[in-house]
Amino acid sequence: MVAPISLTTKAVDKVKELIRNQKKYALRLDLKKGGCAGMEYSMQYVDEAAKNEEVIEFNGARIIIAPLAQMYLFGTTIDYEDGLLESGFKFKNPNVSEACGCGESIKF
């Protein structure tokens, strides 16, 4: 089975660190309404997968994609950048048609 998303090595390491430090099962990736372009990525810690959710594991880093977000995230690569002024997950999503100037919100 081909995973709908991919993670860089840095992102895998960060997800494993986060879920281990928070003593959680996985990170759930979702989309929510908001921002100037209309949608924003959302990540939450979860203790378990819901009944209809699929768990994707990358070398020990568990990600759950919310069912309604899957079609918008297919083909996305997630990276983690650690910088002096800003650190965080960066999404390279081929389905995005527009993004706001700050890069926090997107439109499909």
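**Group meeting talk: a walk through a predicted model**

Let's start at one residue, Thr76, which has its place in strand β6, a strand made of residues 76-82. Before I go on, please keep in mind that everything today comes from a predicted model.

So, is Thr76 buried or exposed? Thr76 counts as buried, because its relative accessibility is 0%. The side chain of Thr76 reaches the backbone oxygen of Leu73, at 2.8 Å. Now, which residues does Thr76 touch, if we leave aside neighbours within four places in sequence? There are two stretches to look for on your screen: Pro4, Ile5 and Ser6, and then Phe91, Lys92, Asn93 and Pro94. Take Ser6 from that list. Thr76 and Ser6 are 70 residues apart in sequence, yet 6.4 Å apart in space, going from C-alpha to C-alpha.

Let's stay in strand β6 for a moment, since Glu81 has its place there too. Glu81 is partly exposed, with a relative accessible area of 38%. Setting aside neighbours within four places in sequence, Glu81 is in contact with Glu86, Ser87, Gly88 and Lys90. There is also a long jump along the chain to look at here: Glu81 and Lys14 are 67 residues apart in the chain, and their C-alpha atoms are separated by 9.7 Å.

Now let's zoom out. How many helices and strands does the protein have? The protein has two helices and nine strands. If you trace the elements from the N terminus on, you read β-α-β-β-β-β-α-β-β-β-β. The radius of gyration is 14 Å, close to the 13 Å that the globule rule gives for 108 residues, so the protein is as compact as a globular protein of that length. Along its principal axes, the C-alpha trace spans about 35 × 35 × 25 Å.

What about the inside and the outside? Of the 108 residues, 36% count as buried. The accessible surface of the protein comes to about 6700 Å², and 50% of that belongs to carbon and sulfur atoms. As for charge, there are 14 positive and 15 negative side chains, and the centres of these two sets lie 3 Å apart.

We have already met pairs that are distant in sequence, so here is the matching number for the whole protein. Among contacts with a separation of 6 or more, 51% are between residues 24 or more positions apart.

Next stop, Arg28, in strand β2, which covers residues 26-34. Is this arginine buried or exposed? Arg28 is buried, because its relative accessible area is 18% and the cut-off for buried is under 20%. Which residue does the side chain of Arg28 meet in a polar contact? The partner is the side chain of Glu53, and the contact is 2.8 Å. Glu53 also appears in the list of residues that Arg28 touches beyond four places in sequence; the others in that list are Ser42, Met43, Gln44, Val46, Glu48, Ala50, Ile64 and Ala66.

Over to helix α1, where we find Leu18. Leaving aside neighbours within four places in sequence, Leu18 is in contact with Leu27, Tyr45 and Phe89. Leu18 and Ala61 are 43 residues apart along the chain, and the distance between their C-alpha atoms is 9.3 Å.

To finish, two loop residues with a backbone angle worth a look. Lys23 has its place in the loop between α1, residues 9-21, and β2. The phi of Lys23 is near 55 degrees, a positive value in a residue other than glycine. Lys23 is exposed, with a relative accessible area of 72%.

The other one is Asn59. Where does Asn59 lie? You will find Asn59 in the loop between β4, residues 55-58, and β5, residues 61-65. Asn59 also has a positive phi, about 50 degrees, although it is not a glycine. Like the lysine, Asn59 is exposed, and its relative accessible area is 64%.

So if you turn the model yourselves, try going from Thr76, which is buried, to Glu81, which is partly exposed, and on to Lys23, which is exposed. Thanks for listening, everyone!

Conventions: Residues numbered from 1 in each chain as written. Predicted model: local features only at pLDDT ≥ 70, side-chain atom pairs only at ≥ 80, totals over all residues. Heavy atoms only, no water. Helix = DSSP H or I, 4+ residues; strand = E, 2+ residues; numbered from the N terminus. Rg over C-alpha atoms; globule rule 2.2 N^0.38 Å. Buried < 20%, exposed > 50% of the residue type's maximum accessible area, 1.4 Å probe, protein only. Contact = heavy atoms within 4.5 Å. Areas by Shrake-Rupley, 256 points an atom, 1.4 Å probe, with all protein chains shown as cover. Lys, Arg positive; Asp, Glu negative; His and termini not counted. Charge placed at Lys NZ, Arg CZ, Asp CG, Glu CD. Polar contact = N/O pair within 3.5 Å; in protein donor to acceptor, adjacent residues only side chain to side chain.
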